[in-house]
Amino acid sequence: MNKTMYLWIIGGILVVTLAFFIPAQEGSIWPSVISGAIASLIYLAALSWYGIRKIESRPKRKVITVALVLLVVFSITSAGISYESSKRQTALLPEIRNTIETGIAKNHIKKPLLKTMRTYYAGNKVGESTSLSDIFRTKFDSLITEDSLLLYAGKDTYSDDDETTMKIFVTKVKPDSIVLVAESGYEDGKSPEFLNFSGATGYFQTQGILTEEGIRYERTN
Amino acid sequence: MSEQTKIYFWLPWAIAISFGLILFWGLEYVGLKWPIGIWEIAQGVDTIRAINEFGNGILDMGAYREQRLIAFSGLILFFVLGPGLWIISEIRNEKREVRKPEDRLKKGPFWYVGVILVVIGLNYAIPATVMKAYYFNNTWESAEESRNIDKIRDQLFTLASGAAEHYYLSFKNGEEGGFINDQGKFSLQQLESYDSDTQNEYVLAPIQSDSVLIIYGVGYTPGAKPDFENANGDSGKVQLAVEVRPENEKLIEFTHKNTNTR
C-alpha cells in the first residue's frame, strides 16, 4: 500500500515536470505554467479519486475534499485573473508606445509646417523671402542635419544607436511645396513589405505636405 | 476515560494549521514569497518582457530560468507534494495499529508536511484571489480611461492644427482673416477631421477673439469630478481642453482650465 502511494507522488512529480518543461523554455513562462498546472490538476483529480475513497473516516474525507476543492477553485480563478492581466498588459504597453509614436509624428510634422504657414499667410515675412521654401529654410535650416533629418523638441541629435527613435526627414523643400516624412523605428506599419524612406522596411510612416492650399497629412504605411 | 488520558484529537490539526499560518505570514513579513505566487511570477515575467519591448521594440525571448524554477517548485509543492502526502498519511494512519488512545495523535512527519503545505496554499490562494479580483477591475478601468484620454488628446491636436491651418488660409489673397471675419464665425464642422472620432465629442468654446480658440474634447469614461458639467451638456465625463493661438509661438497648447481628468 505504502509503496503504491509513494509511487503516486513520484509519478505526479514526473508528470508535472514533463508537462512543465515540454513547452519552449524562452520568452513568456505562461505556456510552461499552464501546461504544468493542467498536469497538476489531472494528477490531483486522479489522486483524489484513488486516495480519498481509501480513507475510512467520513469527516476526514470531507475535510480533504473541501480543502482541495477550495485550493483548486481559487487557484484557477487566481491564475485566470493573472493570465488575463498579463495578456492585457502585454498588449497595452506597445499600444501606449504606438500612441506616443503616432503623436510625435503628427506633432513634429505639423508644427513646423504650421509655423511656415503662419509666416507665409499672416504677413509676418522674414526679409524679402516670400516662398514657402525660403521661409522654411530661414526658420528650420539650423535644425536640419546632413542626412536631411529634422531635429525636434526632445531630440536634439540623432545617433547610430537611435534605431527605435522616431525620425523626421525633410524630403522636399521647393518654393511651392515642402514635404516632411516621419518614420518610426518601433511601430509596425500596415504593410510589412513597405520600403521606408530610410531604407528600412515595414515601419509606420506618415508624411505632411505643405502647399499654398494648406497641409495634407497622410499615413503612407 | 480519566482526566489524565483525555485525548485532544484537534491538537495535531491546530499545530499544523498554526505552523502553516506562521510560516506563511512569516515569509510575507520578511518579504519572501518564494515559491508561493506561481501565477504572479508568470505575470511578472510578461510585464518585464512588455517593458523591454516597449523600450527597444524587440520581442524579449529571455529564458527567465529563475522565475521558471520558482513557478515549477510552486506547482510541485502545493499541487503534488502537499495533497499527496496528506492523503497518503491519512490512509497510512488509519491502517496503523493503535495500541493506546494517544497513538491517534501521532500523525507522522509526512502528514504535517502535507497539511502545512495545503494550509499555505489555501492561505495564499483565497485572499490573493479576492484582492486580485477587486484590483483587476480598478486597474483596467484606469487603463480604459487612459486610452480614452489619449484618443481625445490626439483628436484635439488634429482639430487644433486644422483650426490653425484654417486661420492662416483665411488670410489667403490678402483677405481679412481670423476666426471671426466677414465670412462669419469659425466652427469645427468646417474641418475635414471633425467626424473622424465617433466615440468622443468635440465642442468649441464661445469664440471671444478672432485669433484664439478653445476646443473641448468630452470622452465616454468618467472623469475625476462626478458633478462636473461637460461642455457638451453631459456631466461627470472626462474632458480635455486645447487652446489654439495661431499668432503665438506656441500655436497649440493643452490647458487644465475647465477640464475633468484624474
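# Reading a two-chain predicted model

Author: Let's start in the middle of things. In this predicted model, the largest nonpolar core holds 50 residues, and those with the most contacts inside it are Leu180(A), Ala160(B), Ala163(B), Ala164(B), Ile215(B) and Val244(B).

Reader: Which elements give two or more residues to this core?

Author: Chain A contributes through H3, helix H4 (132-140), strand E1 (167-174), E2 and E4. From chain B come helix H4 (109-169), strand E4 (213-222) and strand E5 (237-244). The largest share, ten residues, belongs to H4(B).

Reader: Can we zoom in on one residue? What is Ala164(B) in contact with, leaving aside its neighbours within four places in sequence?

Author: Ala164(B) is in contact with Leu114(A) from the other chain, and with Val244(B), Pro246(B), Leu251(B) and Ile252(B). There is also a second, separate core of 48 residues, which includes Val16(A), Ile87(B), Val119(B) and Ile120(B).

Reader: Now the whole contact between the chains, please. How many residues does the contact take from chain A and from chain B?

Author: The contact takes 67 residues from chain A and 64 residues from chain B. On the chain A side, helix H1 (2-21), helix H2 (30-51), H3, strand E2 (177-188) and strand E4 (214-219) each supply at least two residues. H3(A) gives the largest share of that side, 32 residues. Sorted by class, the side of chain A that touches chain B has 33 nonpolar, 24 polar and ten charged residues.

Reader: I keep hearing about H3(A). How do I read the way two helices pack?

Author: Look at two things, the separation of the axes and the angle between their directions. Take H3(A), residues 58-121, with helix H3 of chain B, residues 65-95: their axes come within 12 Å and cross at roughly 175°. An angle over 145 degrees counts as roughly antiparallel, so H3(A) is roughly antiparallel to H3(B).

Reader: Which residues of H3(A) and H3(B) meet there?

Author: Lys60(A), Ile64(A) and Leu68(A) meet Pro83(B), Trp86(B), Ile87(B) and Glu90(B). By class, this contact has five nonpolar, no polar and two charged residues. Ile87(B) may ring a bell, as it was named in the second core.

Reader: And how does H3(A) pack with helix H2 of chain B, at what angle and how far apart are the axes?

Author: H3(A) and H2(B), residues 38-56, pack at an angle of about 5°, with their axes 9 Å apart. Angles under 35 degrees count as roughly parallel, so H3(A) is roughly parallel to H2(B). Among the residues of H3(A) that meet H2(B) are Ser78(A), Ser82(A), Leu93(A) and Arg97(A). Their partners in H2(B) include Trp39(B), Asp46(B), Ile51(B) and Phe54(B). Here the classes come out as eight nonpolar, eight polar and four charged residues.

Reader: H2(B) also holds Arg49(B). Is Arg49(B) buried or exposed?

Author: Count the C-beta atoms around the residue; 20 or more within 10 Å makes a residue buried. Arg49(B) has 22 other C-beta atoms within 10 Å, so Arg49(B) is buried. Not counting residues up to four places away in sequence, Arg49(B) touches Gly27(A), Ser28(A) and Asp60(B).

Reader: What would the other end of that scale look like?

Author: Try His256(B), which is found in strand E6 (residues 252-260) of chain B. With 8 other C-beta atoms within 10 Å, His256(B) is exposed. His256(B) and Val242(B) are 14 residues apart in sequence, and their C-alpha atoms are 8.6 Å apart in space.

Reader: What about backbone angles? What should I look for?

Author: Most residues other than glycine have a negative phi. A positive value is therefore a thing to spot, given that general rule. Ser148(A) has a phi near 65°, and its place is in the loop between H4 and E1 of chain A. Asn258(B), in strand E6 of chain B, has a phi near 55°. Ser148(A) is partly exposed, with 15 other C-beta atoms within 10 Å; Asn258(B) is partly exposed, with 15 such atoms within 10 Å.

Reader: Finally, how is each chain divided into domains?

Author: Chain A has domain 1 (2-91) and domain 2 (101-219), with C-alpha centres 57 Å apart. Chain B has domain 1 (11-144) and domain 2 (147-260), and their C-alpha centres lie 54 Å apart.

Terms used
Residues numbered from 1 in each chain as written. Chains lettered and ligands numbered in written order. Predicted model: local features only at pLDDT ≥ 70, side-chain atom pairs only at ≥ 80, totals over all residues. Domains from an automatic or database assignment. Axes fitted to C-alpha atoms, helices over the stretch in contact; angles between N-to-C directions. Helix = DSSP H or I, 4+ residues; strand = E, 2+ residues; numbered from the N terminus. Parallel < 35°, antiparallel > 145°, perpendicular 65-115°, else oblique. Contact = placed C-beta atoms within 7 Å. Nonpolar A, V, L, I, M, F, W, Y, C, P; charged D, E, K, R; others polar. Core = buried A, V, L, I, M, F, W, Y, C linked by C-beta atoms within 7 Å. Buried ≥ 20, exposed ≤ 12 C-beta atoms within 10 Å, placed from the backbone.
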